[in-house]
Amino acid sequence: MSGTPATAQTLAIDGGSPVRETLLPYGRQSIDEEDIQTVVETLRSAWLTTGPKVGEFEEAFAERVGASYAISFSSGTAALHGAAFAAGLKPGDEAITSPLTFAATANCALYQGAKPVFADVCSDTLNLDPEQASAKITGRTRAILPVDYAGHPADLDSVLEMARRHGLVVIEDACHSLGAEYRNHRVGAIADMTVFSFHPVKHITTGEGGMVTTRNAGYAQTLRQFRNHGIASDARQRQSAGQWHYEMVSLGFNYRLTDIACVLGISQLGKLERNLARRREIAAIYTAAFREMPGIISPAVRPDVNPAWHLYPIRVGPAKFSAGRGEVFRALRAENIGVNVHYIPVHLHPYYRDRFGYKGGEFPVAENAYERLISLPMFHGMTDRDVNDVIAAVSKVCSAFAR
Ligand SMILES: Cc1ncc(COP(=O)(O)O)c(C=O)c1O
């Protein structure tokens with residue numbers, strides 16, 4: 001029971017009518033006719049994979065983020081694996097990262113036989129806390145992986161400064177932050193390597209897909225080989241040179257992104273500015289609306305960043321509600337608002353608990369935030385009506401549960 005006051009609307013979870021008839025997802029892609037046409041043209045072309053569209057997408061992407069090189073991968077996870085390999089992570093090494101992320105960020109260290117070491121997050125942005133990270137540096141630390149949670153860049157200058165002092169490689173997990181800016185620099189041109197994802201809920205999509213950007217020619221070459229079995233040339237280079245001979249020089253994988261995906265990426269990249277503008281508009285509308293609602297804490301924005309708003313994670317304040325996060329979540333779902341939770345802290349997953357002995361309580365800021373987080377729908381295709389439905393549902397649920 002929600003303890004609904006007589007004047008409030010009855011919650012859908014208590015048998016009332018939902019705010020909307022159909023479920024609004026928390027994220028989804030937008031694909032238009034132009035996207036479809038370009039994919040169809042590539043399907044009719046000579047190259048479905050490792051053709052001209054791969055290089056075209058990589059060049060356009062590097063230019064957009066201000067990086068010297070962009071190397072495409074079959075997913076953000078594969079791109080993280082490539083970056084961990086290029087950083088030289090190996091058994092016995094440690095890589096420091098945030099526990100409040102998708103498991104793939106930490107898993108990339110494990111793929112290389114290295115150990116992910118977590119450090120707690122800042123209470124405002126929920127990004128890696130540089131002081132906590134600094135305390136975790138040992139003689140075995142080789143890399144540090146800040147995550148731009150929800151699209152808000154991490155405290156990159158502090159992380160880079162710390163990394164330079166200790167000779168560490170910085171791999172920025174920017175899977176949430178394509179198009180974000182940090183101190184007037186574009187994400188993608190700041191860290192040693194920056195990793196992006198093109199999963200359908202992201203700012204642009206290729207179905208599955210990922211990218212690593214870097215200024216370092218050595219990393220770029222290693223990344224290109226790693227995604228192609230560790231082979232020094234690709235099929236198109238050999239065809240145009242009229243050669244059959246190739247050499248495998250390291251152990252890599254087939255992590256290539258197809259031309260079908262890359263042509264979609266090129267078309268989608270043309271819409272990035274529009275997508276970012278819409279996400280920023282939605283974030284501003286949400287933030288203004290929730291300012292009036294006690295118990296709802298909107299995501300913090302530091303003055304030196306322009307976030308990309310992959311997610312809009314609110315925190316619900318238990319002191320203001322007669323219900324916990326779980327009940328608020330279920331009530332919003334019943335109103336047909338497709339809320340989600342980002343993230344179960346990685347160290348609390350059974351695999352990490354069993355393997356590394358985490359019990360909970362090790363990272364109090366991240367764990368406390370997790371208990372209160374709810375991601376509201378946030379995607380560039382949301383209509384004004386969708387945005388209003390989310391605000392109406394949050395308001396309805398808040399007043400029903402208000403103390
Ligand atoms: C922070 C973060 N890192 C890595 C990934 C992995 O990306 P992908 O799904 O493209 O493999 C994701 C995906 O959602 C993510 O959110």
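How many bridges join strand E5 to strand E8? Three bridges join E5 to E8 (residues 193-197), and the two strands run parallel. Let's use this pair as our way into the structure.

This is a predicted model: local features need pLDDT of at least 70 and side-chain atom pairs count only at pLDDT 80 or more, while totals for chains, interfaces and linings use all residues. Residues are numbered from 1 along each chain as its sequence is written.

**The strands around E5 and E8**

A few terms will help here. Helices (H or I, at least four residues) and strands (E, at least two) are DSSP runs, numbered from the N terminus. Two strands pair if DSSP finds at least two bridges between them.

Strand E4 (residues 141-145) pairs with E5 in the parallel sense over two bridges, and Ala143 has Val169 of E5 as its bridge partner. Together with helix H6 (residues 156-166), E4 and E5 make a right-handed β-α-β unit. Right-handed means that, with the strands pointing away from the viewer, the path from the first strand over the helix to the second runs clockwise.

Moving on to E8, Ile171 has Met193 as its bridge partner, and Asp173 stands opposite Val195. E8 also pairs with strand E9 (residues 210-214), in the antiparallel sense over five bridges. There, Ser197 stands opposite Gly210.

Are these strands buried or exposed? A residue is buried if 20 or more other C-beta atoms lie within 10 Å of its own, exposed if 12 or fewer, and partly exposed in between, with C-beta atoms placed from the backbone. Five of the five residues of E5 (residues 169-173) are buried, so E5 is largely enclosed by the rest of the structure. E8 also has five of its five residues buried, so it too is largely enclosed. In E5, Val169, Ile171 and Asp173 cover one side and Val170 and Glu172 the other, and all are buried.

**Around the ligand**

Fourteen residues surround the ligand, and the closest are Ser75, Gly76, Thr77, Cys175 and Ser197. To be near it, a residue needs its C-beta atom, placed from the backbone, within 6 Å. Helix H3 (76-86) and helix H4 (103-111) each supply at least two residues of this shell. The shell divides into four nonpolar, nine polar and one charged residue. Here Ala, Val, Leu, Ile, Met, Phe, Trp, Tyr, Cys and Pro count as nonpolar, Asp, Glu, Lys and Arg as charged, and the others, Gly among them, as polar.

**Loop residues to look up**

Three loop residues make a handy set for practising the burial classes.

| Residue | Loop between | C-beta neighbours inside 10 Å | Class |
|---|---|---|---|
| Pro303 | E10 and E11 (305-306) | 4 | exposed |
| Thr50 | H1 (33-43) and H2 (52-65) | 19 | partly exposed |
| Leu126 | E3 (115-118) and H5 (130-134) | 27 | buried |

Most residues other than glycine have a negative phi, and most peptide bonds are trans. Thr50, although not a glycine, has a positive phi of about 55 degrees, and Leu126 has a positive phi near 65 degrees. A cis peptide bond joins His342 and Tyr343, with omega about 5 degrees. Tyr343 sits in the loop between H11 and helix H12 (350-356).
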